[in-house]
Amino acid sequence: TPGVNDIDTQREEITYGYLARADAAIVLLDLHQPLSASEQRFLQERVLANDIRKLLFAVNKVDQADVATRKKAMAYIERQLREQSRIDAPVVVPVAAKPALKAWMSGDQGMLEESLFPAFEERLSAFLVEASGSARLNTARHRVRRLASGLRNGLTALAADLDGEREQ
């Protein structure tokens with residue numbers, strides 16, 4: 001937060017600025033329109049391009065679908081993340097945020113459980129603990145490799161230019 005696809009491009013740029021320094025990210029998806037073209041582009045160009053590999057995908061609005069539709073959508077999301085985004089073991093967690101908020105406000109523990117929010121919180125907590133150490137090291141390693149590759153390519157091109165000048 002703030003998100004992307006915002007009509008206020010300044011808020012969008014704030015998000016992009018944080019992504020350049022992030023070790024992990026939580027990506028919120030809509031059960032009814034998961035992984036749209038703009039979300040795929042955001043994932044490729046802004047998240048994965050910044051070497052962020054520690055990702056948690058929260059799929060919201062699961063209360064608006066029956067169990068079979070929910071399972072089908074969750075499987076679709078996981079498959080798309082593996083195939084299209086090349087994320088080996090995506091962490092995809094269902095949640096119903098509005099019912100969770102209503103449950104908190106009313107103190108209805110049963111409704112809170114139905115919202116899947118306690119399970120989401122538990123997975124999020126584990127995710128944050130996991131992300132605190134290993135993700136930082138992995139992100140740094142990926143960034144160093146990308147920079148080294150860019151430097152190697154640049155030096156190779158420079159050497160070729162110098163060889164060309166020397167021959168002339």
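So, six helices and three strands: that is what this chain contains, and please keep in mind that we are looking at a predicted model. Starting from the N terminus, the order of elements is α-β-α-β-α-β-α-α-α. If you follow the contacts between residues separated by 6 or more positions, 69% of them join residues 24 or more positions apart.

Now for the surface and the inside. The chain has 168 residues, and 32% of them count as buried. About 10900 Å² is exposed, with carbon and sulfur atoms supplying 54% of that area.

Let's go inside, then. In soluble globular proteins, nonpolar side chains tend to be buried together. Which residues touch the most other members of the largest nonpolar core here? They are Leu43, Leu55, Phe57, Val59 and Leu81, out of 25 residues in that core. Two or more residues each come from α1 (9-19), β1 (24-30), α2 (37-47), β2 (54-60) and α3 (67-83). Helix α3 gives the largest share, four residues.

Take a look at Leu55 for a moment. Setting aside neighbours within four places in sequence, Leu55 is in contact with Ala25, Leu43, Val47, Leu48, Ile87, Val91 and Phe127. Apart from the largest core there is another one, made of twelve residues, and Ala58, Phe117, Leu124 and Phe127 are among them.

Phe117 deserves its own stop on the tour. You will find Phe117 in helix α6. Is Phe117 buried or exposed? Its relative accessible area is 15%, and the cut-off for buried is under 20%, so Phe117 is buried. Not counting neighbours within four places in sequence, Phe117 has contacts with Val95, Ala100, Trp104 and Leu112. With Ala100, the sequence separation is 17 residues, while the C-alpha atoms sit 6.2 Å apart in space.

Last stop, Ser115. This residue is in the loop that runs between α5 (109-114) and α6 (117-167). Ser115 counts as buried because its relative accessibility is 1%. What lies 2.5 Å from a polar atom of the Ser115 side chain? That would be the backbone oxygen of Leu112. Beyond residues up to four places away in sequence, Ser115 touches Val95, Ala96, Pro99 and Ala100.

If you have the structure open, do try finding Val95 and Ala100: Ser115 touches both of them, and Phe117 is in contact with both as well. Thanks, everyone, and I'm happy to take questions.

Terms used:
Residues numbered from 1 in each chain as written. Predicted model: local features only at pLDDT ≥ 70, side-chain atom pairs only at ≥ 80, totals over all residues. Heavy atoms only, no water. Buried < 20%, exposed > 50% of the residue type's maximum accessible area, 1.4 Å probe, protein only. Polar contact = N/O pair within 3.5 Å; in protein donor to acceptor, adjacent residues only side chain to side chain. Contact = heavy atoms within 4.5 Å. Areas by Shrake-Rupley, 256 points an atom, 1.4 Å probe, with all protein chains shown as cover. Core = buried A, V, L, I, M, F, W, Y, C linked by side-chain atoms within 4.5 Å.
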